[in-house]
Protein chains: 2
Amino acid sequence: MVGAGVDQWVGAVMVRYAALIAAGTVVATAGCTTLRATGDLGLVVERATGSVQVVDTSQRAPLAQITGLGDLSHASVVYSRDQRYGYVFGRDGGLTKVDLLRGRVDKRVVQAGNAIGGAISQDGRVVAVSNYQPGGVKLFDADSLALLAEIPATFGGEGKRSKVVGLVDAPGRRFVCSLYDGDEIWLIDARDPRKPGVTKFSGVGKQPYDGTVTPDGRFYIAGLFGEDGLALVDLWHPDRGARRILRGYGRGEQALPVYKMPHLDSWAMAGGRAFVPAAGRHEVLVIDMQTWKEAARISVAGQPIFVVARPDGRQVWVNYALPNNDVVQVIDTETAQIVKTLKPGKAVLHLEFTPRGEAVWLSVRDENRVEVYDTETFERVAQLTAAKPSGIFFTSRAHRIGL
Amino acid sequence: MVGAGVDQWVGAVMVRYAALIAAGTVVATAGCTTLRATGDLGLVVERATGSVQVVDTSQRAPLAQITGLGDLSHASVVYSRDQRYGYVFGRDGGLTKVDLLRGRVDKRVVQAGNAIGGAISQDGRVVAVSNYQPGGVKLFDADSLALLAEIPATFGGEGKRSKVVGLVDAPGRRFVCSLYDGDEIWLIDARDPRKPGVTKFSGVGKQPYDGTVTPDGRFYIAGLFGEDGLALVDLWHPDRGARRILRGYGRGEQALPVYKMPHLDSWAMAGGRAFVPAAGRHEVLVIDMQTWKEAARISVAGQPIFVVARPDGRQVWVNYALPNNDVVQVIDTETAQIVKTLKPGKAVLHLEFTPRGEAVWLSVRDENRVEVYDTETFERVAQLTAAKPSGIFFTSRAHRIGL
């Protein structure tokens with residue numbers, strides 16, 4: 001369903017938006033009459049059309065569509081601390097600040113040739129972007145998108161630049177990222193964002209391909225593409241350096257194609273244990289966070305991509321790579337048993353819980369829809385139309401550490 | 001400083017607000033020109049004047065004052081899921097819904113003769129209030145404040161009604177509360193809020209005087225006024241009933257006056273341990289949350305009232321009862337050492353962290369001001385004028401469980 005099919009479909013969506021606008025229900029055009037807050041809003045990435053939809057999680061309804069965001073493959077979003085603006089990180093180096101209240105692009109810069117995600121500082125003043133080409137991190141003023149600093153990811157003695165991956169924020173107005181080609185983890189002190197400081201951890205392992213930080217912002221963990229295991233840095237004690245954990249993570253298997261590697265930005269922590277997608281296996285790993293050793297393995301319906309905890313930690317929800325990407329499973333964290341298997345449709349790409357966890361939103365790309373489930377009854381409670389939806393990001397992320 | 005002093009002072013504040021309004025910086029009056037979101041806003045309770053101030057944590061500035069809220073002794077606030085409205089629970093049974101965008105009262109009911117706090121359901125649709133007189137819980141529609149159900153706190157065989165305390169929300173659209181006179185803990189199922197179900201735990205211990213739930217919504221804990229120890233209910237397994245923990249909580253001391261009892265709505269959880277105010281002693285207790293046994297005691301500067309964890313769990317901040325209520329201390333959670341002692345001024349009543357913890361706001365009642373500290377440098381970064389401020393509540397609470 002690429003090409004004409006999508007175009008027709010997008011045309012139909014546009015007609016629908018026009019109707020909503022005429023009815024005065026779209027934020028973008030209703031002006032003063034739509035004074036509202038944004039705590040229950042979010043953005044759904046529509047990859048094929050380079051657009052995002054503003055959605056309302058109270059009404060379970062679309063509010064506006066914002067177009068012109070470029071290549072949104074693998075796009076992600078962080079939010080301003082007032083939750084009015086979303087910063088959308090596109091694959092083509094585009095950084096777009098969208099205004100959820102006015103339903104339009106506020107500012108946009110194309111800041112690199114090829115990029116992969118970003119983060120916003122603890123105080124909300126600095127947006128950082130992780131670039132492949134040219135490799136490095138750029139810091140921008142969150143208000144104006146003015147460039148504050150560029151940190152080239154140079155490594156070794158010859159001035160080579162590495163792709164940068166796994167960029168997250170950490171407490172103390174810091175960022176952390178990994179150098180895929182440089183085998184390093186960098187801790188960036190952005191308290192003075194025009195003169196950032198960098199602490200480098202070298203030899204962390206071969207080809208860190210993604211990274212995450214625990215929800216408290218303490219432990220940064222990078223997945224390794226070039227070898228078995230993960231790299232761990234305790235940000236409370238950076239002087240202790242990086243160490244290797246879970247050397248049996250991939251059980252010595254052959255390196256897998258990148259498109260099958262699980263996301264590491266979504267580790268689920270519950271009851272002192274982390275639930276982690278195994279690399280290339282039909283398993284979710286359970287890790288004891290006191291010892292950082294494997295505590296259990298749970299057999300699941302495919303190669304897990306996202307393993308996400310419901311905000312109360314009672315459940316984790318899992319989606320899968322092809323050919324099992326039509327399935328979503330729910331694991332009870334106490335018993336480590338699968339308690340529900342759902343088949344929402346073709347290509348479930350992402351899932352996002354409402355802030356207090358009563359519902360979960362799933363993007364079902366190849367069905368051109370977003371589905372909403374009650375997490376207690378597992379009943380589908382709403383469906384929304386969207387153009388090839390991928391990532392779903394709610395504004396409550398503004399208040400979370402390590403995204 | 002009651003009476004004329006306060007009146008003069010309030011007059012001065014009003015003049016200041018008038019100037020702000022004239023300058024067009026107050027939300028309440030600026031209408032369409034002040035389209036804004038509320039993710040970085042909060043309410044400061046001004047007890048002596050029955051008012052709340054709307055504050056902006058990005059600008060560290062006041063936005064509006066909302067008056068006419070009645071007796072705000074011991075008042076607390078929860079937020080609508082869109083973060084536009086605050087529900088203020090007054091001591092006189094007043095339930096006031098305030099509109100942060102318009103800076104005014106949206107709706108107000110006086111729903112009991114004497115009340116103590118409340119909560120909002122996981123889905124944001126139901127507001128529950130905990131009443132002393134007549135003893136019970138009332139459920140209201142969060143939008144209209146229409147009464148949905150009344151749950152009289154009757155106990156024993158003679159139809160007596162108990163004061164209700166420690167009311168919190170829990171996952172699954174439930175509420176939990178304690179019956180002070182009935183020695184019971186009640187689990188209220190509000191999925192159908194017009195016909196709530198109640199599960200009762202009796203004989204939990206003498207006179208539960210306050211209660212809290214862990215941030216994941218799993219464990220409800222009530223403090224006992226009439227005996228040593230605490231009552232614990234595992235909400236994942238209500239069939240297991242209530243059990244007694246920390247029998248040495250007060251070390252067998254005489255019962256203390258209620259006004260010195262610590263708040264139990266603020267337990268700080270970090271690294272699998274809880275940091276808890278000891279009842280009537282100059283100590284903070286450290287509890288191992290796997291075993292629910294005491295792991296350590298930390299000597300502090302007074303009888304602790306609030307013990308609150310910075311959102312990343314690295315620090316807990318503590319304030320104290322008279323005669324030490326001019327002091328605030330900071331404990332490092334890893335070492336259990338006090339790393340800073342501050343003296344903000346007379347009567348530090350409450351403290352609230354910004355959502356990601358870069359700053360903390362303190363109400364210094366007898367100095368008529370709110371102070372803001374950088375949590376990394378411990379420097380005071382702002383001061384705001386407020387009329388006898390007590391509780392401070394930021395809108396990010398809308399997205400948290402168990403408040």
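Okay, let's start with charges: over all chains, the count comes to 54 salt bridges, where a salt bridge is a side-chain nitrogen of Lys or Arg within 4 Å of a carboxyl oxygen of Asp or Glu. Before I go on, the housekeeping. This is a predicted model, so local features need pLDDT of at least 70 and side-chain atom pairs count only at pLDDT 80 or more, while totals for chains, interfaces and linings use all residues. Side-chain values use heavy atoms, with hydrogens and water left out, residues are numbered from 1 along each chain as its sequence is written, and chains are lettered from A and ligands numbered from 1 in the order in which they are written.

Right, the two chains. Chain A superposes on chain B by a rotation of 180° with 0.0 Å of shift along its axis, at an RMSD of 0.0 Å; the fit is least squares on the C-alpha atoms of residues with pLDDT of at least 70 in both copies. That's the relation of a two-fold axis. Both copies use the same surface, too: 100% of the contact residues of chain A recur in chain B. Contact here means heavy atoms within 4.5 Å.

So what does that interface look like? Chain A puts in 48 residues and chain B puts in 48 residues. Together they bury about 4,400 Å², 47% of it on carbon and sulfur atoms. Buried area is the accessible area, with a 1.4 Å probe, that two parts lose on being put together, summed over both.

How many salt bridges cross between chain A and chain B? The rule finds 10. It also finds 30 residue pairs in polar contact there, both residues at pLDDT 80 or more. A polar contact is a pair of N or O atoms within 3.5 Å; within protein, one must be able to donate a hydrogen and the other to accept it, and residues adjacent in sequence count only if both atoms are side-chain atoms. On the side of chain A that touches chain B, the residues split into 11 nonpolar, 15 polar and 22 charged. For that split, Ala, Val, Leu, Ile, Met, Phe, Trp, Tyr, Cys and Pro are nonpolar, Asp, Glu, Lys and Arg are charged, and the others, Gly among them, are polar.

Two pairs to click on. Arg191(A) and Glu376(B) meet in a salt bridge at 3.0 Å, N to O. Then Arg173(A) and Asp374(B) do so at 2.7 Å, N to O. Arg173(A) sits in the loop between β14 (164-170) and β15 (174-179) of chain A and Asp374(B) in strand β32 (residues 369-374) of chain B, so this pair joins two chains. Strands are DSSP runs (E, at least two residues), numbered from the N terminus.

Now inside chain A. The domain assignment gives domain 1 (42-110 + 346-403), domain 2 (117-253) and domain 3 (261-343). The C-alpha centres of domain 2 and domain 3 of chain A lie 24 Å apart, and 20 residues of domain 2 are in contact with 21 residues of domain 3. These two domains of chain A bury about 1,600 Å² between them, 66% of it on carbon and sulfur atoms. Salt bridges across that interface? Zero. Residue pairs in polar contact, both at pLDDT 80 or more? Also zero.

Last, some backbone oddities. The peptide bond from Gln133(A) to Pro134(A) is cis, omega near -5°. Another cis bond joins Leu322(B) and Pro323(B), with omega about 0°.

Terms used: Domains from an automatic or database assignment. Helix = DSSP H or I, 4+ residues; strand = E, 2+ residues; numbered from the N terminus.
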